[in-house]
Amino acid sequence: MFSRIKSLFFSNKPNLIQEIETVTNLSKDGFLLLDKNNQISWYNQNASEWLDLENKYARKNIRSYFSNQNFSAFIEDTDSEKTIEVIAPSDKEKFLSLQLIPFRDDEKFMVLRDISKPIKLETIRTDFAANASHELRSPLTVIAGYIEMMLHDDSMPDNWKEPIKELGKQSERMKSVLSDLLVLFQLESEANQIDEEIIDIELIVNSSKNAAMKRSNPPKSFKVDFPRPALIKGDEFRIQSVINNIVENALRYSDQKGEIEVSWNVDVNGGHLSIKDNGIGMEEKHLKRITERFYRIDKGRSRDMGGTGLGLAIVKYALQNHNATLEIKSTIGVGSEFICHFPTDRIKK
Ligand code: ADP
């Protein structure tokens, strides 16, 4: 294989190819050269080891090494900024990040980077946080139970009533944060285990609407506009989380004058669920960050309204699990619109 590249573009510099081979073999990364049909025409030591290319049954086409769903799209993409994470064919414990760099007319260099260490560290961190949350759940339930009893105990001295009420509020807050954290960890750790059932989005929206209208402080209006059936293939629990969290925010960040509009439309790009409010809106600079965990524009307001700072992180993950994306538009003082874009292969015609 190696001789081919020599004849292709180094024929007038015979030493250069050796130098490149030496340098790339010193690198921690793997390198492959792919021809226009995605056949491997050259590789360095790491790439050889990670793909087991010296094996006498080694295949030449790069596609035969990765069954990852997104790999087909990735290999045809000319954007050299894009990377994809895959498992090394020779070792199921090794994670690789792949990057493609277009080369000459129709060839590509593939750079393979071993990202097992950061992935393992991330897993340890997430497992720790998930275990800590689980451990806290039981004692907190007991504490909240006693606080609840004290709240309804008529023999409680008057000067204790306010502090106990405050304790009750804080323990409720902790319960909400823990419960959102546990959902988030579940979405992260079970990203590949989503149910694939047919879900009626309109039903979920209507049940969210009914719950909102039954509140002590319902919005002024809640319009639902579904001109055609909104059936998608996906996981009901996750889609419910998406809709409930966005609707909850629409209520939280508008007030009783709140006008909420939910609509659905389908076009050649897929299905689009829009949830719009006429609330306080957000400055452009926050829009990129509000799906980060615990990112809140106004911490005080979020807390006072029972927010955990995790709702939109849950939305983002749950949509990612469906290969769907979230678009956010907002204007201060006018309102916000959250649009969930579902790919065509999720839409049930
Ligand atoms: P929280 O529990 O604080 O609402 P989220 O993750 O759901 O957390 O949202 C993150 C932040 O984004 C909120 O604290 C709020 O500042 C902002 N935000 C979310 N939805 C809206 C909305 N519909 N209108 C205005 N601000 C919003």
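Modeller: A lining residue has an atom within 4 Å of a pocket's grid points, and a pocket is an open set of such points with protein on both sides. The model is predicted.

Biologist: Which residues lie nearest the centre of the second largest pocket?

Modeller: The second largest pocket holds about 850 Å³ of space. Its lining counts 45 residues. Nearest the centre are Asn 245, Glu 248, Asn 249, Arg 252 and Tyr 253.

Biologist: Which helix gives the most to the lining of the second largest pocket?

Modeller: Several elements supply at least two residues each, among them helix 6, helix 7 (201-213) and strand 12 (335-342). Helix 10 (299-304) and helix 11 also do so. The top contribution is 11 residues, and it comes from helix 8.

Biologist: How many charged residues are in the lining of the second largest pocket?

Modeller: Asp, Glu, Lys and Arg count as charged. The lining has 18 nonpolar and 17 polar residues. The charged residues number 10.

Biologist: Which residues are joined with Glu 248 into one network of salt bridges?

Modeller: By the cut-off, a side-chain nitrogen of Lys or Arg must lie within 4 Å of a carboxyl oxygen of Asp or Glu. Salt bridges that share partners make the network. Besides Glu 248, its members are Arg 215 and Arg 252.

Biologist: What volume of space lies in the largest pocket?

Modeller: The largest pocket is open rather than sealed, as the term pocket requires. Its volume is about 1800 Å³.

Biologist: Which element gives the largest share of the lining of the largest pocket?

Modeller: In the largest pocket, 44 residues form the lining, and those closest to the centre include Glu 85, Glu 188 and Asn 321. Elements giving two or more residues include strand 3 (83-87), strand 4 (95-103) and helix 11 (311-320). The largest share is 7 residues, from helix 5.

Biologist: Is Val 142 buried, partly exposed or exposed?

Modeller: Val 142 sits in helix 5 (residues 116-151). With Tyr 146, Met 149 and Met 150, Val 142 makes a nonpolar surface patch of about 420 Å². The relative accessible area of Val 142 is 49%. Exposed needs over 50% and buried under 20%, so Val 142 is partly exposed.

Biologist: How many residues apart are Asp 29 and Arg 113?

Modeller: These two form a salt bridge, with the closest N and O atoms 3.2 Å apart. Asp 29 lies in the loop between helix 2 (14-26) and strand 1 (30-34), while Arg 113 belongs to strand 5 (residues 107-114). The pair links distant parts of the chain, and the separation is 84 residues.

Biologist: Where do Lys 175 and Glu 172 lie?

Modeller: Their closest N and O atoms are 3.3 Å apart, and they form a salt bridge. Lys 175 is partly exposed at 33% relative accessibility, and Glu 172 is partly exposed at 42%. They are 3 residues apart, about one turn, and both lie in helix 6.

Biologist: Which residue of the salt bridge between Glu 196 and Arg 346 is buried?

Modeller: Their closest N and O atoms are 2.7 Å apart. Glu 196 has 45% relative accessibility, so it counts as partly exposed. The other partner has 9%, under the 20% limit. The buried residue is therefore Arg 346.

Biologist: How many salt bridges does the count come to?

Modeller: Side chains of opposite charge can pair when their charged atoms come close. The rule asks for a nitrogen within 4 Å of a carboxyl oxygen. By that rule the count is 16.

Technical notes: Residues numbered from 1 in each chain as written. Predicted model: local features only at pLDDT ≥ 70, side-chain atom pairs only at ≥ 80, totals over all residues. Heavy atoms only, no water. Patch = residues over 30% accessible without salt bridge, like charges linked within 9 Å, V, L, I, M, F, W, Y side chains within 5 Å. Areas by Shrake-Rupley, 256 points an atom, 1.4 Å probe, with all protein chains shown as cover. Helix = DSSP H or I, 4+ residues; strand = E, 2+ residues; numbered from the N terminus. Buried < 20%, exposed > 50% of the residue type's maximum accessible area, 1.4 Å probe, protein only. 1 Å grid on protein atoms, 1.4 Å probe; cavity = no way out; pocket = protein on both sides within 12 Å on 5 of 7 lines; lining within 4 Å. Points joined across faces, edges and corners; volume = space filled by probe spheres on them.
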